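This report walks through a set of local features, moving from contacts inside helices to charged pairs, cysteines and backbone angles. Please keep the structure in view while reading.

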Amino acid sequence: MSANTAPTAETEAGKPSGSGFRIPSVPFWVQIVAGLVLGVLLGWLARSQDINWLVTTLDKVGGIFVQLLKLAVAPLVFFAILVSITNLRKVNNAARLATRTLLWFMITSLIAVAIGLAIGLITDPGAGANLDMRSAKEPEHAGSWLDFLTGIIPTDIITPFTELNVLQIVFMAVVAGIAALQLGEKAKPILAISESVLELLQKALWWVIRLAPLGTVGLIGYAIATYGWDLIGKYATFTADVYIGCALVMFGVYPLLLATVAKVSPLQFFKGAWPAIQLAFVSRSSVGTMPVTQKVTERLGVPKEYASFAVPFGATTKMDGCAAIYPALAAIFIAQIFDVQLGIGDYILIAFVSVIGSAATAGLTGATVMLTLTLSTLGLPLEGVGLLLAIDPILDMMRTATNVAGQALVPVIVSAREKILDHDAYNSASASPVDEAEVEDARPAGVPVAA
């Protein structure tokens, strides 16, 4: 064969040449689904055959994945909030956008908590649960309004990062962001460094996100191996209530708001936002999913400058699953278990806590702090939290998926209402952000992104 053979179409496109066998690229969502299936199978095998080493392996794999996500949380939240606030200077009517965003956060939270209360009152999730009350014990860390209000301001700048107190980190980031806006030109060097650090953190987090299929195997497998289906059966009504409540909000309320308020296609929203929703289901961390959430939100036509504000704030304060549906149902469940009667005033308090105290969830895996805040406000036994800890990983998957869907929804609604939504981008959003991010990273400098 001549050495001067004409280049093929593949080499012309800049792809590797050669006749060697190439493993086809597997879409990220397929990898996630495969991880879920494999995790369930390995978890069932480990439990049914009593394979201790497999249980330990699954625990370590899932634990390492979650730990890697948590490792990036503190600096990611700080720099994301700081940069997002300073980016508002590039947006017209920034104060109006911020106000509308917070308003829609509260509106959707109220709707979500109302649905949670309604489902709980209809189904009586605590009736006939027959739980062993010996597992009822107070959590190590309980939330209270005094702690919530006084705990916002840190005693030093190091402890919030070492102890992962996200609420205090958000406070410091907001103060730093507002100060940078006030300084103007003098703050430009700091802002440039902050933006570079944020890009570095997001790049590193993308590598962790690529490990999500493996993390899925460990997290799901360990949950099945440790708790089994028998435990789920004891909480059958409560588990179903949480999943149904989240599904009603995510696939009922959200599409209705998109169609009537934003006047855009709900199906197209889920088509574009699905990569973030599925990653949230697996990782159980709104903050860990934040880079993906921001990317899909931008690809749904939300201006980047506004999305970089709305999504980080949503990832730390917008929790329709963890802070609205779940505590409402859990409060009713625990009240029934301990034979405590709740009245109209109690239900109003639950709604109030859900709207005002949702920042206490902090976007991390689990919603124990928010639940203890709700229980302490109602005067319910905090020991009830111990009854729900065993089932929490299974519930947290659906709760976090709902959280992230809402975090992408509100910027779309506000952008549509303010007429800054790019409808062409919204109607064409479809590809996985993880797969496309790799293409963008591999693109030579100076090559523009296709429109």
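Two residues are said to be in contact here when heavy atoms of the one lie within 4.5 Å of heavy atoms of the other. The model is a predicted one, and every value below is computed from it.

**Two residues of helix α9**

With that meaning of contact in mind, Thr 216, a residue of helix α9 (residues 212-234), touches Ile 32, Gly 35, Leu 36, Gly 221 and Val 282, once residues up to four places away in sequence are set aside. Thr 216 has a relative accessibility of 0% and therefore counts as buried, the limit for that word being under 20%.

Ile 220 also belongs to helix α9, and its relative accessibility of 10% places it among the buried residues. Beyond its neighbours within four places in sequence, Ile 220 is in contact with Leu 36, Gly 39, Val 40 and Met 397. The C-alpha atoms of Ile 220 and Gly 43 are 7.3 Å apart in space, although 177 residues separate the two in sequence.

**Helices α11 and α15**

How does the length of a helix compare with what its residue count predicts? For α11 (residues 266-283), 18 residues at 1.5 Å a residue should span 26 Å, and the end C-alpha atoms, 24 Å apart, agree with that expectation. For α15 (residues 344-356), the 13 residues should span 18 Å, and here too the distance of 19 Å between the end C-alpha atoms agrees.

Helix α11 bends by about 60° at Ala 273, and the proline Pro 275 follows within four residues. At the start of this helix, a side-chain oxygen of Ser 265 comes to within 3.4 Å of the backbone nitrogen of Leu 267. Most of α11 is covered, with 13 of its 18 residues buried, and the helix is followed by Arg 284, which has a positive phi near 60°. In α15, the buried residues are Asp 346, Tyr 347, Ile 350, Ala 351, Val 353, Ser 354 and Val 355.

**Salt bridges**

How many salt bridges does a search of the whole structure find? The search finds seven, and the table lists some of them with the N to O distance of each pair.

| Basic residue | Acidic residue | N to O distance |
|---|---|---|
| Arg 100 | Glu 418 | 3.1 Å |
| Lys 318 | Asp 320 | 2.8 Å |
| Arg 399 | Asp 392 | 3.1 Å |

In the pair of Arg 100 and Glu 418, the side chains meet in a salt bridge. Because Arg 100 lies in helix α4 (residues 94-123) and Glu 418 in the loop between α18 (392-417) and α19 (423-428), the pair ties together parts that are 318 residues apart in sequence. Arg 100 is partly exposed, at a relative accessible area of 28%, whereas Glu 418, at 18% relative accessibility, counts as buried.

The partners Lys 318 and Asp 320 are both buried. Arg 399 forms its salt bridge with Asp 392, and salt bridges with shared partners join Arg 284, Asp 392, Asp 396 and Arg 399 into one network. Within this network, Arg 399 is buried with a relative accessible area of 0%, and Asp 392 counts as buried at 9% relative accessibility.

**Cysteines**

The structure holds zero disulfides. Cys 246 is in no disulfide, and the nearest cysteine sulfur to its own is that of Cys 322. Why do Cys 322 and Cys 246 not form a bond? Their sulfurs are 8.1 Å apart, which is too far for one, given that a disulfide needs the two sulfur atoms within 2.5 Å. Cys 246 has 0% relative accessibility and counts as buried, and Cys 322, at 2%, counts as buried as well.

**Positive phi angles in two loops**

Most residues other than glycine have a negative phi. Lys 263, which is not a glycine, nevertheless has a positive phi of about 60°. Lys 263 lies in the loop between α10 (236-262) and α11, and its relative accessibility of 64% makes it exposed. Lys 419, likewise not a glycine, has a positive phi of about 60°. This lysine, Lys 419, sits in the loop between α18 and α19 and is exposed, with a relative accessible area of 75%.

Terms used
Residues numbered from 1 in each chain as written. Predicted model: local features only at pLDDT ≥ 70, side-chain atom pairs only at ≥ 80, totals over all residues. Heavy atoms only, no water. Expected span 1.5 Å × (residues − 1). Bend = angle between axes of the 7 residues up to and from the residue. Buried < 20%, exposed > 50% of the residue type's maximum accessible area, 1.4 Å probe, protein only. Polar contact = N/O pair within 3.5 Å; in protein donor to acceptor, adjacent residues only side chain to side chain. Salt bridge = Lys/Arg side-chain N within 4 Å of Asp/Glu carboxyl O.
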